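Me: Could you walk me through the helix packing, the ligand surroundings and the unusual backbone spots in this one?

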Amino acid sequence: MNLDSLTISETQNNSSSITGKSDDSVYWSVAEIQSLLDTPFNDLIYRAQCIHRQHHDANGVQLSTLISVKTGGCPEDCGYCPQAARYHTGVDNQDMLSLEEVVSAAAAAKANGASRFCMGAAWRGPKQRDMDKMTEMVRAVKSLGMETCATLGLLKPGQAQQLGDAGLDYYNHNLDTAPEFYEEIITTRQYQDRLNTLQQVRNAGINVCCGGIVGMGETRLSRAGLIAQLANLNPYPESVPINHLVQVQGTPLYGTAALDPLEFVRTIAAARITMPKAMVRLSAGRQEMSDAVQALCFLAGANSIFYGDKLLTTGNPESDRDRALLDKLGLHTL
Ligand code: SAM
Ligand code: DTB
Ligand code: SF4
């Protein structure tokens, strides 16, 4: 793959076996990933767990706390998103938070046990005056000794470097779904726009945090297509958030038929198998998930969760419930 510009990965098959793919830059066809997803559940989870143990602390989970630094009023049309101005979801718009508000939230998250702090903004992309404030925030959160992540939308040339210079460890920008399903979900930005932003993040030496959303009415083939796109980025992302759609009234995707939770677990397993060294993050949607399903996600190779009572605008399990879950499973924090 051309390292200078990422393009949508092709979907042709190749001859390598789906077993024994240990090389980091190996190509995964959609068909191979679909056959992984089709594997008997026990075999799939066993394989994912073996790979997980080769590369990660088997009982470690990283706690990451999210903050919305600018909420609502977004011009984009992402069909899942409560923050798009065009949908009537009851989200209150909120201008950019002050540096003090963000730093005190980060300090509280750290005191509560989080090691990572992710700042999200409801923008198509940041303007220069936003960048001045964002870089201050990144610098301040980093100086608390936390891992920093930001998700601000599409980046223009030079912006990734500014964030990197301020100490940003990861930039989150999701591909969200497979290319062929994408235009049913978002029309105001193209798949290639997202790949271009990811390339700028790479070029600036910032770790890539890139994943997607499951449960948007996609087929298993489209879930395979999303994982293939992620796994075929060269190199694959260091961090892969797998979100379960949080259905919000007023968004076009509200009322989508519920996905069998075991399909979500299978998707986590496929991410772990195809991206062995990545942090695989069990992201949005945990509030609606039983402890048993979450335990299966950890078994399938997830090793990070969002921690704190809120995601950006929607709910997340209470910290007490999460601590009880980690205790029950004998998991420790990273
Ligand atoms: N505005 C920026 C952007 O879209 O790149 C950053 C913030 S945006 C809220 C970050 C990601 O959150 C989206 O790409 C999507 O994957 C996820 N997300 C948003 N709404 C969601 C929902 N209702 N359920 C699950 N994931 C969601
Ligand atoms: C990601 O992949 N999931 C997080 C984070 N990156 C920014 C966001 C989830 C948002 C869920 C909907 C909300 O709370 O607004
Ligand atoms: Fe805006 Fe991001 Fe929501 Fe899309 S996902 S509508 S870009 S805030």
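**Helices, backbone and ligand 3**

Reply: To start with the helices, and bearing in mind that this is a predicted model, helix α1 (residues 30-37) packs against helix α9 (residues 261-274) at an angle of about 130 degrees, with the two axes 9 Å apart.

Me: How are α1 and α9 oriented to each other, then?

Reply: They are oblique, because angles from 115 to 145 degrees fall outside the roughly perpendicular and roughly antiparallel ranges. As for handedness, the crossing in which α1 passes α9 is right-handed.

Me: And what about α9 and α10, at what angle do they cross?

Reply: The axes of α9 and helix α10 (residues 291-299) cross at roughly 20 degrees and come within 8 Å, and these two helices are therefore roughly parallel to each other. Here too the crossing, with α9 passing α10, is right-handed.

Me: What are the angle and axis distance for α4 and α5?

Reply: Helix α4 (residues 128-143) and helix α5 (residues 159-166) pack with their axes 8 Å apart and at an angle of about 25 degrees. That angle is under 35 degrees, so α4 counts as roughly parallel to α5. The crossing of α4 past α5 is right-handed.

Me: Switching topic: which peptide bond is cis?

Reply: The bond from Asn234 to Pro235 is cis, with an omega near 5 degrees, and Pro235 itself is found in the loop that runs between α8 (220-231) and β7 (239-244). For context, most peptide bonds are trans, and most residues other than glycine have a negative phi.

Me: On phi, what is the value for Asp176, and where is that residue?

Reply: Asp176 has a phi near 75 degrees, which is positive although the residue is not glycine, and Asp176 lies in the loop between β4 (170-172) and α6 (179-182).

Me: Last thing, where does ligand 3 sit?

Reply: Ligand 3 sits in the largest cavity, and the residues surrounding ligand 3 are Cys74, Glu76, Cys78, Tyr80, Cys81, Ala84, Ala122, Trp123 and Arg189.

Me: How does that shell split by class?

Reply: The shell around ligand 3 is made up of seven nonpolar and two charged residues, with no polar residues.

Key: Residues numbered from 1 in each chain as written. Chains lettered and ligands numbered in written order. Predicted model: local features only at pLDDT ≥ 70, side-chain atom pairs only at ≥ 80, totals over all residues. Heavy atoms only, no water. Near = heavy atom within 4 Å. 1 Å grid on protein atoms, 1.4 Å probe; cavity = no way out; pocket = protein on both sides within 12 Å on 5 of 7 lines; lining within 4 Å. Sits in = over half its atoms within 2 Å of the grid points. Nonpolar A, V, L, I, M, F, W, Y, C, P; charged D, E, K, R; others polar. Axes fitted to C-alpha atoms, helices over the stretch in contact; angles between N-to-C directions. Helix = DSSP H or I, 4+ residues; strand = E, 2+ residues; numbered from the N terminus. Parallel < 35°, antiparallel > 145°, perpendicular 65-115°, else oblique. Left-handed = near helix turned anticlockwise from the far one by under 90°.
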